[in-house]
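Biologist: I would like a close look at a single helix and at what surrounds it. Please go step by step, since I am new to reading models.

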Amino acid sequence: MMSGTEWFARARRVTVLTGAGVSTESGIPDFRGPHGLWTKNPAAQRMFSIDEYVADPDLRIQAWQARREHAAWTAEPNSAHRALVDLERTGRLRAIVTQNIDGLHQRAGSSADLVIEIHGTIHEVVCLACGDRTSMRSALQRVADGEPDPPCLVCGGLLKSATIAFGQSLDAGVHRASVAAARDCDVFLTAGTSLQVQPAASLCEVAVAHGARLVICNAEPTPYDELADAVIRERVGQALPELISASV
Ligand code: NAD
């Protein structure tokens, strides 16, 4: 059996699926890892359900406070993000499909047009009624100025971070772009994702069905390990730079 490094060295076109584990080394906790938000506090999952968010004003107030304190505002990209910038420089990166909402791939230097934010971004807010999009920065300023659950300035509707909560569908165009990237690669690399959230995780099957080799890099086992051609059970901050520098 060939190793992840060997598959990678042969690849001409790579699509990468990243998850929260790529940003833990930047100080942003994941959900399901050993130090994950939900591992430590399962009740925190409520904040990520669209039905609960819409129904419960107290939960929205908590959600705005959590957004104010989010680690993304101070986090810096780490060596895993930087390794993917190096991969782009080799000309072999088809796309980064990221489940992360923190914007750290772009901050590290990955081209925005190669980063598909399948679960949206925390840097913007969207009105659930009229769809108006504005910056998170201005919404958080309103919270700081005394509006605990600031309404949409256009229509008065509920505002929420422009991220996909459980119960919300993915943006159709973004989903199409991620499927196209999974079909159009010879290596599909997953990094720092538990592969438990659908439809993101099923991109592994799409890639394999279209002839790609699947390389999984994650600290813990995933439901797709058996489908993979290689599994790298290491820290992504170490594994991705090694993988990418070994193959250039
Ligand atoms: P997850 O929490 O389900 O899984 C993260 C996985 O990464 C775990 O299996 C963990 O063992 C592994 N991991 C953690 N640190 C690692 C490291 N340094 N090296 C290697 N592996 C590591 O996260 P997910 O699969 O991305 O899915 C959950 C949802 O979480 C996504 O929809 C995403 O939007 C959201 N999320 C995003 C952020 C972020 O933007 N940084 C943070 C938390 C959650």
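How many residues does helix α8 (residues 172-183) have, and how far does it reach from its first C-alpha to its last?

Modeller: This is a predicted model, in which local features need pLDDT of at least 70 and side-chain atom pairs count only at pLDDT 80 or more, while totals for chains, interfaces and linings use all residues. Residues are numbered from 1 along each chain as its sequence is written, and side-chain values use heavy atoms, with hydrogens and water left out.

Helix α8 has twelve residues and reaches 17 Å from its first C-alpha to its last, close to the 16 Å expected at 1.5 Å a residue. That expected span is 1.5 Å times one less than the number of residues. Helices (H or I, at least four residues) and strands (E, at least two) are DSSP runs, numbered from the N terminus.

At the N-terminal end, D171 caps α8, with a side-chain oxygen 3.0 Å from the backbone nitrogen of G173. This is a polar contact, meaning a pair of N or O atoms within 3.5 Å; within protein, one must be able to donate a hydrogen and the other to accept it, and residues adjacent in sequence count only if both atoms are side-chain atoms.

S178, V179, A181 and A182 are the buried residues of α8. Seen down the axis, these residues fall within an arc of 160°, so they line one face of α8. The arc is that of the directions from the helix axis to the C-beta atoms. Buried means under 20% relative accessible area and exposed over 50%, with partly exposed in between (1.4 Å probe, protein chains only). An α-helix has 3.6 residues a turn, so residues three or four places apart point the same way.

What does this face meet? The buried residues of α8 pack against β1 (14-18), β2 (93-98), β3, β7 and α9 (203-209). Contact here means heavy atoms within 4.5 Å.

The four strands just named belong to an open sheet of six, in the order β3-β2-β1-β7-β8-β9, with parallel pairing. Two strands pair if DSSP finds at least two bridges between them. β3 (115-117) and β9 (230-232) are the edge strands, each with a single partner, so one side of each has no neighbour in the sheet. Neighbouring strands of this sheet are turned by 15° against each other on average, direction ignored. The angle is taken between axes, which are lines fitted to C-alpha atoms, for helices over the stretch in contact; angles run from 0 to 180 degrees between N-to-C directions.

Strand β7 deserves a separate look. Five of its five residues are buried, so β7 is largely enclosed by the rest of the structure. V187, L189 and A191 point one way from β7, whereas F188 and T190 point the other way. On one hand β7 pairs in the parallel sense with β1 over five bridges, where L17 has T190 as its bridge partner. On the other, β7 (residues 187-191) pairs in the parallel sense with β8 (residues 213-217), again over five bridges. In that pairing V187 has R213 as its bridge partner, and T190 stands opposite I216.

β2 also meets the helix, and five of its six residues are buried. β1 and β2 run parallel and are joined by five bridges, with T15 opposite A95 in β2. Three bridges join β2 to β3, also parallel, and V97 has I116 of β3 as its bridge partner. In the loop between α6 (104-108) and β3 lies D113. D113 counts as exposed, at 69% relative accessibility.

For a second example, take helix α4 (residues 57-68). Its twelve residues should span 16 Å at 1.5 Å a residue, and the end C-alpha atoms are 17 Å apart, which agrees. D56 caps its N-terminal end, with a side-chain oxygen 3.0 Å from the backbone nitrogen of D58. The buried residues of α4 are L59, R60, A63, W64 and R67. They cover an arc of only 140° around the axis, which puts them on the same side of α4. Their cover includes α3 (50-55), β4 (120-127), α7 (136-144) and β6 (159-163).

In strand β6 sits S161, which is buried, with a relative accessible area of 6%. Among the residues S161 touches are R67 and M136.
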